[in-house]
Amino acid sequence: MATSYEFHTRDPDKLSDSEVLAAAHERVEAYLAFLRSERLGNDVIDVSELPCSKVSLENSIRLVIATEPRKPVRRRLASAGLTLAQFQPDVGARVSIEPAYGVNSKTSQSSARAFSRFDAALERMAKDIDRLRRLFVQSEAMAERGFEQPNMGPPFKEDGTYTWYGHH
């Protein structure tokens with residue numbers, strides 16, 4: 001994946017397709033750099049920690065997957081995209097999930113309230129994982145239809161003319 005897209009954002013409503021794709025690549029690169037520096041593990045993190053909005057990242061990853069011709073790269077992007085589920089609203093400080101051994105089953109009322117907020121974040125995270133997996137599978141399927149058709153021929157017809165609308 002290229003990292004040196006140079007583009008200057010104009011009016012967002014008037015961006016060309018290449019500028020939209022370049023912006024998506026920039027967002028994905030920023031997110032991947034963020035993942036390398038933060039080492040998420042199994043932590044649940046507040047959505048405000050992301051380098052840009054979660055929806056923007058989801059759409060950028062979907063676009064990059066759908067336009068990526070290499071299957072292994074698409075799979076790695078989808079895997080990285082699934083980590084977006086670990087970012088949830090109203091989490092507050094980063095919550096590390098580690099196994100606890102020998103925990104006393106008696107909990108106080110205040111602990112129960114804290115756990116309910118955490119449980120809600122985990123429930124949203126599980127739903128996000130399912131939703132993101134479906135989105136990225138659809139994006140991969142789109143890329144496969146566009147890049148891996150076995151009967152694709154050259155874009156030129158027998159008379160030497162070019163079919164601008166695709167390889168048919």
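Q: With which residue does Arg-131 form a salt bridge, and how far apart are the closest N and O atoms?
A: A salt bridge is read from a side-chain nitrogen of Lys or Arg lying within 4 Å of a carboxyl oxygen of Asp or Glu. In this predicted model, Arg-131 forms such a bridge with Glu-58, and the closest N and O atoms are 2.8 Å apart. The pair links distant parts of the chain, since Arg-131 belongs to helix α4 and Glu-58 to helix α2, 73 residues apart.

Q: Is Glu-58 buried or exposed?
A: A residue is called buried when its relative accessible area is under 20%. Glu-58 has a value of 8% and is therefore buried. Its partner Arg-131, at 28%, is partly exposed.

Q: Which residues are linked with Arg-131 in a network of salt bridges?
A: The network joins Lys-54, Glu-58, Asp-128 and Arg-131. Over the whole structure, a search finds 10 salt bridges.

Q: Which parts of the chain does the salt bridge between Glu-140 and Arg-75 tie together?
A: Here the closest N and O atoms are 2.8 Å apart. Glu-140 lies in helix α4 and Arg-75 in helix α3, so the bridge ties together parts that are 65 residues apart in sequence. Glu-140 is buried, with a relative accessible area of 8%, whereas Arg-75 is partly exposed at 46%.

Q: Where do Arg-94 and Asp-43 lie?
A: Arg-94 is in the loop between β2 and α4, and Asp-43 is in the loop between α1 and β1 (45–46), so their pairing ties together parts 51 residues apart in sequence. The closest N and O atoms of this salt bridge are 2.7 Å apart. Asp-43 is buried, with a relative accessible area of 11%, while Arg-94 is partly exposed at 34%.

Q: How far apart in space are Gly-92 and Asp-46?
A: Separation along the sequence and separation in space are to be read independently. Gly-92 and Asp-46 are 46 residues apart in sequence, and their C-alpha atoms are 5.7 Å apart. Gly-92 is placed in the loop between β2 (87–88) and α4 (109–147), and its relative accessible area of 43% makes it partly exposed.

Q: What span should the 12 residues of α3 have at 1.5 Å a residue?
A: The expected span is 1.5 Å times one less than the number of residues. For α3 this gives 16 Å, and the end C-alpha atoms are 17 Å apart, which agrees. For the 13 residues of α2 (residues 54–66), both the expected span and the distance between the end C-alpha atoms are 18 Å.

Q: Why do the buried residues of α3 line one face of the helix?
A: An α-helix has 3.6 residues a turn, so residues three or four places apart point the same way. The buried residues of α3 are Val-73, Arg-74, Leu-77, Ala-78, Ala-80 and Gly-81. Seen down the axis of α3, they fall within an arc of 165 degrees, and therefore they line one face. The face turned away from this buried side carries the exposed residues Pro-72 and Arg-76.

Q: Which residues touch the most other members of the largest nonpolar core?
A: Such a core is a set of buried nonpolar residues joined through side-chain atoms within 4.5 Å. The largest one has 27 residues, of which Tyr-31, Ile-61, Leu-77, Leu-84, Phe-87 and Phe-136 touch the most other members. The elements giving two or more residues to this core are α1 (17–38), α2, α3 (71–82) and α4. Of these, α1 supplies the largest share, 6 residues.

Notes. Residues numbered from 1 in each chain as written. Predicted model: local features only at pLDDT ≥ 70, side-chain atom pairs only at ≥ 80, totals over all residues. Heavy atoms only, no water. Helix = DSSP H or I, 4+ residues; strand = E, 2+ residues; numbered from the N terminus. Buried < 20%, exposed > 50% of the residue type's maximum accessible area, 1.4 Å probe, protein only. Arc of directions from axis to C-beta.
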